[in-house]
Every structure is written in C-alpha cells, then in structure tokens.
Amino acid sequence: MNEGKVGNIEMICLIVNAIVCKAFFTSVAAVIQKVGTAGWYMTLISAAVSLAVFGLMYIMIRAYEGKNILEIYDEIVGKKAGRLLTLVSCMILFLSASITLREFTDATNVYLLHVSPPGYIVGMFIIAMIVVCFFGIEGLARTAKFFSYILLINFLIVMVLSIQHYQIYRLYPLLGYGLGNTVKNGIMRSSAYGEIILIGIFAKALNNTKDAGKIGLKCLILGGLFIAQILFSVIASFPYFTAAELADPLYIMVSLIEYGRFFQRVEVIFIFTWNLSTLIGLTAIFYGAVISYCHAFDIKDKRPIIISFAISIYAATLIIPSITIILDYVVPTLRDYGWVGFYSPIFIAIIIWFFFKRGKQTYAEKS
C-alpha cells in the first residue's frame with residue numbers, strides 16, 4: 001500500500017483528534033475522582049510530561065533523519081529487540097483503541113441507541129475504520145483535516161453555550177485534594193497524551209521528518225488546552241462530588257443547555273462532534289497499531305492485517321462484560337499505568353542510543 005505524504009496541518013488534526021476523543025467519555029469523571037477541582041490544570045501537567053517524553057523521541061528522529069521511530073528502534077537495539085519494542089507500542093495502541101471504543105459503545109447505548117446490541121454499534125464503527133484505513137495515512141489525514149474545522153466550530157459552540165451553567169465557586173478549593181496529589185496524578189496520567197507516539201510511527205509520511213518536533217509541540221498544546229477546557233467546563237457546571245459520579249458528565253452538561261423555549265437540547269451538535277472525532281481518533285490509533293505490527297514482522301501488504309486486526313479489536317471491545325468493570329478497573333488502570341506501554345520503548349531506546357550509539361554515529365558522520 002502506498003502511504004503517500006501528508007502536510008503538517010493534516011497530521012496535527014489527526015493526532016489532536018486521537019488525543020482529545022478520550023475526553024468525551026468516562027475519563028473526565030475519573031480525573032475528578034482523583035484530584036477533585038484541580039482536574040482542569042492537572043491535565044496540563046500530564047501534557048508537559050508527555051512533551052518531555054516526546055522531546056526524547058524527537059532527538060532520535062533528528063539523529064536518524066528519514067526514518068520513523070520503529071526503524072530507529074531496529075537501528076539502535078537491533079532487529080530482534082527492536083521487534084519487541086515495536087510490539088509493545090502495537091499492544092498499547094491496540095488496547096487504547098479497544099477500551100476507548102468500548103467507552104464509546106456503552107455511552108452510545110445509554111444515550112442514543114437504547115435497544116441496539118453493543119455488537120451492532122461496534123461492528124458499524126469498525127467497518128467505517130476499515131474503509132478509511134484502506135486509503136492509507138494520506139486519506140486518513142486528509143479526512144481529519146477536512147472535518148476538524150467543523151468539529152472545532154461545533155466544540156466552541158457547545159463550550160460557549162455551556163457558560164450559563166458555570167459557577168466559579170465550584171472551582172474551589174483550587175488545589176483540589178492537595179498540590180502533591182495533583183502533581184503525582186498529573187505525572188501518572190500522562191498516558192492520556194500517549195498517542196503522541198503516533199507522530200513517530202507516521203514520521204515517514206511527513207514531507208520532512210524534522211517537522212515532527214513542531215507538529216508534536218502544537219499537538220500537545222492544542223490537546224492540553226482542549227482537554228483542560230472540557231474539564232474546566234464540567235467542574236464549573238457541577239459540584240465536583242456530583243461530576244465524579246457521572247459516567248459521561250460532558251454529555252450531561254451539554255444536554256442541560258437551554259436558552260428560552262425554542263433553543264434547547266443542543267446536544268445533537270455535541271453528538272456529531274463526539275462521533276466524528278472518535279472515529280477519526282480511533283482510526284488513527286488503530287492504523288498506528290497495524291503499521292507497528294506489519295513493521296515488526298516485515299509485512300508489506302497491510303490490507304489483510306487491517307481485516308484481522310479489526311476482527312481482533314471487535315472481540316477485545318466486547319469481551320469486557322459490563323460498563324462497571326470499565327469504569328472501576330479497566331480505564332483507571334490504563335490511565336494510571338498506560339505510560340509504561342507508551343513511553344518505555346522510547347526510554348529504553350534513548351538510553352542505549354545516548355550511551356552506546358551516539359558517539360559512534362557522530363564519529364561516522366565526521367568520517
């Protein structure tokens with residue numbers, strides 16, 4: 001399959017959707033449970049941690065210009081160990097996609113399609129993912145750019161309309177459950193921005209791999225601001241002890257918007273944003289997992305792998321029996337410890353490169 005080339009703005013739109021789409025579901029309540037009213041700026045700490053890790057990845061991308069991060073793993077640690085690091089990235093992306101898809105499915109089942117079986121919702125979503133993936137990264141990125149402007153306008157509309165419910169006193173105490181607890185959880189939950197590794201995986205699709213640094217910085221700034229705005233809006237709209245108990249507080253907040261008798265129930269705008277952003281974001285994550293798997297086993301034709309991965313993610317999404325397990329165990333575990341899967345390959349590679357490869361590489365360049 002010909003991957004093609006994508007522009008910087010297209011890549012930014014793609015990655016920002018992959019990062020932000022998770023904030024439409026149970027993660028908001030989970031953050032409020034952890035840090036209380038400090039959630040809206042705790043996520044900025046997570047974004048800063050992710051930016052630091054991305055900086056390490058970008059150092060390697062600069063050192064091995066023209067290669068993506070998966071090829072760089074092979075160069076630094078060897079093909080066999082590089083395959084292991086690549087499979088770790090593949091697995092965490094696969095898990096992130098399947099868990100977020102399950103959150104989307106349960107939310108859709110509760111609020112929209114009450115009598116539809118979860119398998120039907122997951123199946124329709126995965127079919128759409130397969131179709132987009134068959135067009136490759138170029139088709140996916142252009143789709144993301146085309147719809148992102150509409151999604152941005154819709155997002156801003158619902159955020160502005162929600163101001164009527166804001167009560168600033170609900171932001172107090174500003175330190176939430178304590179500054180130390182906020183910083184600790186901000187560092188631990190940096191996996192909320194773990195999809196930033198997709199820039200390294202998709203690096204060869206950029207016109208210039210050196211642009212990866214600027215793209216990553218903009219993605220994390222935009223993603224952090226969007227998620228912080230979502231958390232700020234929810235915390236300002238509900239008492240934090242109430243928001244912490246809602247499975248989807250953002251949807252509830254939007255459904256309460258009411259300006260007179262003829263301007264209410266505007267959550268249809270949000271639903272469009274919610275569905276389309278999730279489709280774009282999860283397709284990017286899913287395709288990143290496919291690329292990682294194909295690279296690990298030197299598979300050139302991705303189409304059969306896309307189909308088999310789609311079947312696997314269908315099964316993985318439905319294997320969890322209830323939303324209670326999702327809320328109480330699966331999502332908290334992924335958010336607290338997902339950084340191990342997202343960032344440990346980068347840590348291992350940068351340490352080996354710095355102490356064992358950097359000097360030889362510099363000497364070879366001078367020679």
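A pocket, as the word is used here, is an open set of grid points where a 1.4 Å probe fits, with protein on both sides within 12 Å along at least five of seven lines. With that in hand, let's walk through this model, which is a predicted one.

The largest pocket comes out at about 450 Å³. Its lining counts 18 residues, and sitting nearest the centre are Asn-68, Glu-71, Lys-204, Ile-291 and Lys-302. Two elements, helix H4 (69-77) and H13, give two or more residues each to that lining. H13 has the largest share, with three residues. Sort the lining by class and you get nine nonpolar, three polar and six charged residues.

Now for the second largest pocket, with a volume of about 350 Å³. Here 16 residues make up the lining, and Val-16, Asn-17, Ser-148, Leu-152 and Phe-226 are the closest to the centre. At least two residues apiece come from helix H1 (8-20), helix H7 (136-161), helix H10 (212-237) and H13. This time H1 takes the largest share, with six residues. The class split is 12 nonpolar and four polar, with no charged residues in the lining of this second largest pocket.

H13 turns up again once you look at the packing. The largest nonpolar core has 123 residues, and Leu-14 and Phe-202 are the ones with the most contacts inside it. Helix H13, running over residues 267-296, gives the most to this core, namely 14 residues. Phe-202 is a handy place to stop and look around. Skip the neighbours within four places in sequence, and Phe-202 still touches Met-11, Leu-14, Ile-15 and Ile-137, along with Ala-284, Tyr-287, Gly-288 and Ile-291. Leu-14, on that contact list, is the other residue picked out for its contacts inside the core. Ile-291, also in contact with Phe-202, is one of the residues nearest the centre of the largest pocket.

One last stop is a loop residue, Ser-162, found between H7 and helix H8 (179-188). Is Ser-162 buried or exposed? It counts as buried, because its relative accessibility is 0%, and the cut-off for buried is under 20%. The side chain of Ser-162 reaches back to the backbone oxygen of Val-158, at 2.6 Å. Leaving out neighbours within four places in sequence, the contacts of Ser-162 are Ser-237, Met-253 and Ile-257.

Technical notes
Residues numbered from 1 in each chain as written. Predicted model: local features only at pLDDT ≥ 70, side-chain atom pairs only at ≥ 80, totals over all residues. Heavy atoms only, no water. Core = buried A, V, L, I, M, F, W, Y, C linked by side-chain atoms within 4.5 Å. Buried < 20%, exposed > 50% of the residue type's maximum accessible area, 1.4 Å probe, protein only. Helix = DSSP H or I, 4+ residues; strand = E, 2+ residues; numbered from the N terminus. Contact = heavy atoms within 4.5 Å. 1 Å grid on protein atoms, 1.4 Å probe; cavity = no way out; pocket = protein on both sides within 12 Å on 5 of 7 lines; lining within 4 Å. Points joined across faces, edges and corners; volume = space filled by probe spheres on them. Nonpolar A, V, L, I, M, F, W, Y, C, P; charged D, E, K, R; others polar. Polar contact = N/O pair within 3.5 Å; in protein donor to acceptor, adjacent residues only side chain to side chain.
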